[in-house]
Amino acid sequence: MSDILALGFLDALAQRGLQPGRDVSVAGFDDIGEAAPAGLTTIRQPIAEKGREAARLVLDPRRPNRQIMLPHRLMVRASTAPLL
């Protein structure tokens, strides 16, 4: 959902004549298919594995290890810029 909101924000910026990565930095989370063509900086994560782990936690509330770290990667694209 985060990438979808960020993509909507990119559209709103364009309507106002603002450029992501120049006037404001925008980042999302999920790396959905529309993120790369839009130039959206985002976090890539294994969505299917995340769903499986969430289901396991719901189905086994006594599971001893309830904190799970999945692999993730920052995908830097045109919607962000370094701090000045």
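This report covers the surface patch, nonpolar core, polar contacts and salt bridges of a predicted model.

## Surface patch at the start of the chain

Met1, Ile4 and Leu5 make up a nonpolar surface patch. Together they offer about 350 Å² of accessible area. Met1 sits in the segment before helix H1, which spans 2–15. Its relative accessibility is 61%, so Met1 counts as exposed; the cut-off for that class is over 50%.

## Nonpolar core

In soluble globular proteins, nonpolar side chains tend to be buried together. Here the largest nonpolar core has 7 residues: Ala6, Leu7, Leu10, Leu13, Val26, Ala35 and Leu40. H1 supplies the largest share of this core, with 4 residues.

Leu10 shows how one core member is surrounded. Setting aside neighbours within four places in sequence, Leu10 contacts Pro20, Val26, Ala38, Leu40 and Ser79. Val26 and Leu40 are also members of the core.

## Ser79: a buried polar residue

Ser79 belongs to the segment after E2. Is Ser79 buried or exposed? At 2% relative accessibility, Ser79 is buried, because the class takes values under 20%.

Two polar contacts involve the Ser79 side chain. One reaches the backbone oxygen of Val26 at 2.6 Å. The other pairs a polar atom of the Ser79 side chain with the backbone nitrogen of Thr41, at 2.8 Å. Beyond four places in sequence, the contacts of Ser79 include Leu10, Val26 and Leu40. Pro20, Gly21, Val24 and Ser25 are also among them. Gly39 and Thr41 complete the list.

## The loop between H1 and H2

Asp30 lies in the loop between H1 and helix H2 (35–38). Asp31 is in the loop between H1 and H2 as well. Both have positive phi without being glycine: Asp30 is near 135°, and Asp31 is at about 60°. Asp30 is buried, with a relative accessible area of 11%. Asp31 is buried too, at 14%.

Which side chain makes a polar contact with the side chain of Asp30? The partner is Gln45, at 2.4 Å. Gln45 is placed in the loop between strand E1 (42–44) and helix H3 (47–59). Its relative accessibility is 13%, so Gln45 counts as buried. Apart from neighbours within four places in sequence, Gln45 touches Phe29, Asp30, Lys50 and Pro71.

## Salt bridges around Asp31

Side chains of opposite charge can pair when their charged atoms come close. The model has 5 salt bridges by the rule used. One of them joins Asp31 and Arg44, with an N to O distance of 2.7 Å. This pair links distant parts of the chain. Asp31 is in the loop between H1 and H2, Arg44 is in strand E1, and they are 13 residues apart. The two ends are in different accessibility classes: Asp31 is buried at 14%, whereas Arg44 is partly exposed at 36%.

Asp31 also meets Arg77 in a salt bridge, at 3.0 Å from N to O. Arg77 lies in the segment after E2 and Asp31 in the loop between H1 and H2, so this bridge ties together parts 46 residues apart in sequence. Both Arg77 and Asp31 are buried.

## A salt bridge within H3

Glu53 and Arg56 form another salt bridge, at 2.8 Å from N to O. Why are Glu53 and Arg56 separated by about one helical turn? They are 3 residues apart in helix H3, which puts about one helical turn between them. Glu53 is buried, with 13% relative accessible area. Arg56 counts as partly exposed, at 43%. Elsewhere, shared partners join Asp31, Arg44 and Arg77 into one salt-bridge network.

## Met75 beside the network

Met75 is part of strand E2, residues 73–75. Its relative accessible area is 11%, so Met75 is buried. Outside four places in sequence, Met75 touches two members of the network, Asp31 and Arg44. Leu40, Thr41 and Thr42 are its other contacts. The C-alpha atoms of Met75 and Arg44 are separated by 6.7 Å. Along the chain, Met75 and Arg44 are 31 residues apart.

Definitions and conventions: Residues numbered from 1 in each chain as written. Predicted model: local features only at pLDDT ≥ 70, side-chain atom pairs only at ≥ 80, totals over all residues. Heavy atoms only, no water. Patch = residues over 30% accessible without salt bridge, like charges linked within 9 Å, V, L, I, M, F, W, Y side chains within 5 Å. Areas by Shrake-Rupley, 256 points an atom, 1.4 Å probe, with all protein chains shown as cover. Salt bridge = Lys/Arg side-chain N within 4 Å of Asp/Glu carboxyl O. Helix = DSSP H or I, 4+ residues; strand = E, 2+ residues; numbered from the N terminus. Buried < 20%, exposed > 50% of the residue type's maximum accessible area, 1.4 Å probe, protein only. Core = buried A, V, L, I, M, F, W, Y, C linked by side-chain atoms within 4.5 Å. Contact = heavy atoms within 4.5 Å. Polar contact = N/O pair within 3.5 Å; in protein donor to acceptor, adjacent residues only side chain to side chain.
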